[in-house]
Amino acid sequence: MKKSNDRKNTMSKERKAYLKEKNRNKIIILLTQIGILVAFLSIWEILANKNIIDSFIASKPSRIWNTLINLGGNDLLKHIGVTAYETVTGFILGTSLGIIIAIILWWSEFLAKVSEPYLVVLNSLPKVALRTYYNNMGRSRNTCYYCYGCCNFIDSYNFGKFKWFFANR
């Protein structure tokens, strides 16, 4: 405790003035940022209330705030929890599987050389092409979700049936 008091006492007047000016600038910048945000939201609300901008398209801050408040009553926190759980679980499983595959390829030079061209091709594909086509979203698994003749490289629902690759071609 004594050392910190010694440091404060031994600090030069110029250093104290410099630190005071730096803190004052931080506060001014923060207040300016908050002021710009408040001014933007206020102008937006006023323009929407005066029908200068179409509130159906651009909404208005008060309506957005009310919607956010009402979402809390509709199990929003439960859904956020499920999403966070699925994200963390997927990350852990994907990372674990990647580490296991990397160790296997590191140990076996033969497997590394055999799988190299396939891994290069998979790495060059867009990552969206590797996900399952439609995440089921509460619909039946038997429904066809191929739109405009497109299909993904891996479709977990129809992977066993090879005709999925030629669907709508």
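Which helix holds both E109 and K113, and how many residues apart are they? In this predicted model, select E109 and K113 to begin: both belong to helix α6, where they stand four residues apart, about one turn of the helix. Their side chains meet in a salt bridge, at 3.3 Å from N to O. If you check each partner in turn, E109 is exposed, with a relative accessible area of 54%, and K113 is likewise counted as exposed, at 56% relative accessibility.

Keep E109 in view and add helix α5 (residues 76–107) to helix α6 (residues 109–124), whose axes come within 6 Å of one another and cross at roughly 125 degrees. That angle makes α5 oblique to α6. To see the contact itself, select I104, L105 and W107 on α5, together with E109, L111, A112, S115 and L119 on α6. Sorted by class, the residues of this contact are six nonpolar, one polar and one charged.

Next, move to helix α2 and select R24 and E21, whose side chains form a salt bridge of 3.1 Å, N to O; the structure holds two salt bridges. R24 and E21 are three residues apart in helix α2, and are therefore separated by about one helical turn. Here R24 counts as partly exposed at 45% relative accessibility, and E21 is partly exposed as well, with a relative accessible area of 36%.

Stay on helix α2 (residues 13–49) and select F40 and W44, which lie four residues apart, about one turn of the helix. A search of the whole structure finds two aromatic pairs. F40 and W44 form a tilted one, with 5.9 Å from centre to centre and 45 degrees between the planes.

Note on methods:
Residues numbered from 1 in each chain as written. Predicted model: local features only at pLDDT ≥ 70, side-chain atom pairs only at ≥ 80, totals over all residues. Heavy atoms only, no water. Phe/Tyr/Trp six-rings, centres within 6.5 Å; stacked < 30°, edge-to-face > 60°. Helix = DSSP H or I, 4+ residues; strand = E, 2+ residues; numbered from the N terminus. Axes fitted to C-alpha atoms, helices over the stretch in contact; angles between N-to-C directions. Parallel < 35°, antiparallel > 145°, perpendicular 65-115°, else oblique. Contact = heavy atoms within 4.5 Å. Nonpolar A, V, L, I, M, F, W, Y, C, P; charged D, E, K, R; others polar. Salt bridge = Lys/Arg side-chain N within 4 Å of Asp/Glu carboxyl O. Buried < 20%, exposed > 50% of the residue type's maximum accessible area, 1.4 Å probe, protein only.
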